[in-house]
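Visitor: I should like to learn how to read a protein structure feature by feature. Where should a beginner start?

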Amino acid sequence: MKKIIVFILIILFTGVFLEVGFTQQNYMNIKVNNKNFTVVLEDNKTVKSLTQKLPITLEMSDLNNNEKYCYLDFVLPTDSKSVRYIKKGDVMLFGNNCLVIFYKSFTTSYGYTKIGYIKNSNDIEQVLGKSTIEAIFEK
């Protein structure tokens, strides 16, 4: 009986450790004006390469009253696709070095590489505002 209990405990603890590791790999945070946003990350080469560069602080400019963008000092691998519809809270890469946070939803004909989406983007438009922001990206 003791062997069965020990075996069950080993399985449970192994599952906990695997889940903790999985969770850490699939999220990053963006901090703007002391507000933290949790980004659920895609599983692709772009994300893996970007997260290796973290933490990074970016000065992001406004474009079209619906997004913040910044050209990075480095390039990332891409898998650009026509997304057709941008959702408020999407985080994407335009080209191979332009990181974009969208704070409004709209249709588009442009192609992007998906990085992830902000888990709770209800107040993102108010936090990002219309001016240039400083955004801290970190694991």
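Guide: The following conversation goes from the overall layout to single residues. Please keep in mind that this is a predicted model.

Visitor: How many helices and strands are there in the chain?

Guide: One begins with the elements of secondary structure. Here the chain has three helices and 11 strands. Their order along the sequence is α-β-β-α-β-β-β-β-β-β-β-β-α-β.

Visitor: What share of the residues of the chain count as buried?

Guide: Burial is judged by relative accessible area, and a residue under 20% counts as buried. In this chain of 139 residues, 38% are buried. The surface that the chain exposes comes to about 8800 Å², and carbon and sulfur atoms supply 53% of that area.

Visitor: What do the contacts say about positions far apart in sequence?

Guide: One takes the contacts with a separation of 6 or more and asks what part joins residues 24 or more positions apart; in this chain that part is 63%.

Visitor: Which residues of helix α2 are buried, and which strands do they pack against?

Guide: For a helix, one lists the buried residues and then looks for their neighbours. Helix α2 covers residues 45–53, and its buried residues are Thr 46, Val 47, Ser 49, Leu 50 and Thr 51. These buried residues pack against β1, β2, β3, β7, β8 and β10.

Visitor: Which residue caps the N-terminal end of α2?

Guide: To find a cap, one looks for a side-chain atom beside the backbone at the end of the helix. The residue in this case is Asn 44, which has a side-chain oxygen 3.1 Å from the backbone nitrogen of Thr 46.

Visitor: How many disulfides does a search of the whole structure find?

Guide: The search finds zero. The test is a distance: two cysteine sulfur atoms must lie within 2.5 Å of each other. For Cys 70, the closest cysteine sulfur is that of Cys 98, at 7.5 Å, so the two are too far apart for a bond.

Visitor: Are Cys 70 and Cys 98 buried or exposed?

Guide: Cys 70 counts as buried because its relative accessibility is 11%. Cys 98 is buried too, with a relative accessible area of 3%.

Visitor: How many salt bridges are there?

Guide: For a salt bridge, one looks for a side-chain nitrogen of Lys or Arg within 4 Å of a carboxyl oxygen of Asp or Glu. The count comes to six. One of them joins Asp 123 and Lys 35, whose closest N and O atoms are 3.3 Å apart. This pair links distant parts of the chain, 88 residues apart: Asp 123 is in the loop between β10 and α3, and Lys 35 is in strand β2. Both partners are partly exposed, Asp 123 with a relative accessible area of 27% and Lys 35 with 30%.

Visitor: Which residue meets Lys 68 in a salt bridge, and is Lys 68 buried or exposed?

Guide: The partner is Asp 62, at 2.9 Å from N to O. Lys 68 is buried, with a relative accessible area of 0%.

Visitor: Which residues are linked in a network of salt bridges?

Guide: Salt bridges can be followed from residue to residue. Lys 104, Glu 125 and Lys 130 are linked in such a network. Within this group, the side chains of Glu 125 and Lys 130 meet at 3.5 Å, N to O. Glu 125 is partly exposed, at 29% relative accessibility, and Lys 130 is partly exposed at 46%.

Visitor: Which residues form a nonpolar patch on the surface?

Guide: One searches the surface for nonpolar side chains that lie beside one another. Tyr 71, Phe 94 and Tyr 110 form a patch here, with about 340 Å² of accessible area together. Tyr 110 is located in the loop between β9 and β10.

Visitor: To finish, where do Asn 26 and Glu 138 lie, and what do they touch?

Guide: For a single residue, one notes its element, its burial and its contacts. Asn 26 lies in the loop between α1 and β1 and is buried, at 16% relative accessible area. Leaving aside residues up to four places away in sequence, Asn 26 touches Val 39, Val 40, Leu 41 and Lys 139. Glu 138 belongs to strand β11 and is partly exposed, at 28%. With the sequence neighbours up to four places away again left out, Glu 138 touches Met 28, Asn 29, Leu 54 and Pro 55. The C-alpha atoms of Glu 138 and Thr 38 are separated by 9.9 Å, although these residues are 100 residues apart along the chain.

Technical notes: Residues numbered from 1 in each chain as written. Predicted model: local features only at pLDDT ≥ 70, side-chain atom pairs only at ≥ 80, totals over all residues. Heavy atoms only, no water. Helix = DSSP H or I, 4+ residues; strand = E, 2+ residues; numbered from the N terminus. Buried < 20%, exposed > 50% of the residue type's maximum accessible area, 1.4 Å probe, protein only. Contact = heavy atoms within 4.5 Å. Areas by Shrake-Rupley, 256 points an atom, 1.4 Å probe, with all protein chains shown as cover. Polar contact = N/O pair within 3.5 Å; in protein donor to acceptor, adjacent residues only side chain to side chain. Patch = residues over 30% accessible without salt bridge, like charges linked within 9 Å, V, L, I, M, F, W, Y side chains within 5 Å.
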